[in-house]
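Please open the structure in a viewer and keep the selection tool at hand. The tour proceeds by one selection at a time.

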Amino acid sequence: MVLDWLVAYLFRWLPRSAPTGLFAIGNPDENSPVIVTANFSLTIRRLRRALQGQNLWLLVANSQGINVWCAADGGIFTDNRVVDAIKVSGLVDRVKHRQVILPALSAPGIDLEAIRRETGFRARFGPVYGKDIPAYLEGRKKKTEAMRRFEFGLEHRLDMFVSMNFPIYLLVAAPLALFWPQYFVGYTILFWSAVAFLYLFLDQIPGKTGWGQAFWCATLLVLLWAGMDWLLRGDPFLHWGWLLASFGIFFAAAFDIAGVVSARRADPELLMQRLGFKSFGSLYNDKQLGLIGLDRDKCNGCRACSDICPVGVYGELDQDKKIAFRNRNACFACGACAKQCGQGALSVA
Ligand code: SF4
Ligand code: SF4
């Protein structure tokens, strides 16, 4: 059990499937709410913990073992998967009502109307975090502003710190330990120091991309290191191998940092775009990576976009009852609002 959790945690980059189907949390009955989620094992484990003491149904749909956000963004966790889960689980015989609550971060891949059409169930997006579900249910399914937001702060970074970087660390650490053990400790210290520095000071380090920020950090380290060697030993290139390696280590440590711990697209995605790729398997599905655009003439002020944007790009309706941007530059082109806009007023370009 502990080993299973450890593997799931340390390799959360990799898909890890949990069983799909309908599960009882507590003692649900025919009136109990239905929470839908994806079959990523870490998510299921955390959700079950967050829902302790509740009486509800947990409907686990197939996302191929990938977390909700990535699977929805990659076109894997879609309305088709939710429709399948509803039909196969026999939910219609378990509850009298016809409502399901979806994870907010599934919005980039879900067409709510398609779920209603195919199953008769009205789907709506709940809070971003599972831990907020009890309060959301108690509050008659009204979301507070905080329940709509994804937090990229210290708590999230601590959660991601080891799990997102361990596989990258291992790629070099394993061959070093086997063939060049004399470099293993130095590499380990340098790698985790680089990751810690980037995670702690990401918002203060200049640069628009993770790799750009990593470059500045590595340059600073190399200059300091070479300067110290020059002053103390008279040779700035005494550790030239480590100086060179520092660039590679910072580059590796920042591989996906922009996409994981800040509201930006990941560097590999940006690189793909610059190289002219429009898609890459199920990971980058023919995406636009630009800023969100609004066609005011089409907007009817329904506010579906502001309900679902995880970074607060939208503000209130303006005097013409059209949605207004509050912080358009915060947009990282997840596409959720464009998918949910029934008027086709939004596009990422
Ligand atoms: S979802 Fe579309 S129609 Fe609704 S407020 Fe936003 S832009 Fe306007
Ligand atoms: S405004 Fe940008 S970040 Fe917000 S939901 Fe739309 S595409 Fe995603």
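The stops below pass from a surface patch to a helix, then to one of its residues, and lastly to the cysteines. Please bear in mind throughout that the model is predicted.

**First stop: a nonpolar patch**

Select Leu154, Leu158, Phe197, Leu200 and Phe201, and display the surface. Together these residues form a nonpolar surface patch of about 510 Å². Two elements each supply two or more of its residues, namely α9 (154-179) and α10 (184-201). The greatest contribution is that of α10, with 3 residues.

Now restrict the selection to Leu154, which lies in helix α9. Is Leu154 buried or exposed? Its relative accessibility is 55%, and Leu154 therefore counts as exposed, the cut-off being over 50%.

**Second stop: helix α10**

Next, select residues 184-201, which make up α10. A distance drawn between the C-alpha atoms at the two ends of this helix gives 26 Å. That value agrees with expectation, because 18 residues at 1.5 Å a residue should span 26 Å.

Colour the buried residues of α10, which are Tyr187, Leu190, Phe191, Trp192, Ala194, Val195, Leu198 and Tyr199. Which elements cover them? To see the cover, add α9, α11 (210-233), α12 (240-253) and α13 (257-261), which are included in it.

**Third stop: Tyr187**

Centre the view on Tyr187, a residue of helix α10. Tyr187 has a relative accessibility of 6% and so counts as buried, since the limit is under 20%.

Show the side chains around Tyr187. With neighbours within four places in sequence left aside, Tyr187 is in contact with Ile168, Tyr169, Val172, Ala173, Leu176, Trp242 and Ile249. One of these partners, Leu176, is 11 residues from Tyr187 along the chain, and the C-alpha atoms of the two are separated by 8.6 Å.

**Last stop: the cysteines**

Finally, select the cysteines and show their sulfur atoms. How many disulfides does a search of the whole structure find? The search finds 0.

Cys70 illustrates the point. The closest cysteine sulfur to that of Cys70 belongs to Cys334 and is 12 Å away, which is too far for a bond, because a disulfide requires the sulfur atoms to be within 2.5 Å. Cys70 is partly exposed, with a relative accessible area of 47%. Move then to Cys305, which is buried, with a relative accessible area of 8%.

Key: Residues are numbered from 1 along each chain as its sequence is written. Chains are lettered from A and ligands numbered from 1 in the order in which they are written. This is a predicted model: local features need pLDDT of at least 70, side-chain atom pairs count only at pLDDT 80 or more; totals for chains, interfaces and linings use all residues. Side-chain values use heavy atoms; hydrogens and water are left out. Patches are made of residues with over 30% relative accessible area and no salt bridge: like charges are joined within 9 Å, nonpolar side chains (Val, Leu, Ile, Met, Phe, Trp, Tyr) within 5 Å. Accessible areas come from the Shrake-Rupley method with a 1.4 Å probe; for residues, only the protein chains shown count as cover. A salt bridge is a side-chain nitrogen of Lys or Arg within 4 Å of a carboxyl oxygen of Asp or Glu. Helices (H or I, at least four residues) and strands (E, at least two) are DSSP runs, numbered from the N terminus. Buried means under 20% relative accessible area, exposed over 50%, partly exposed in between (1.4 Å probe, protein chains only). The expected span of a helix is 1.5 Å times one less than its number of residues. Contact means heavy atoms within 4.5 Å.
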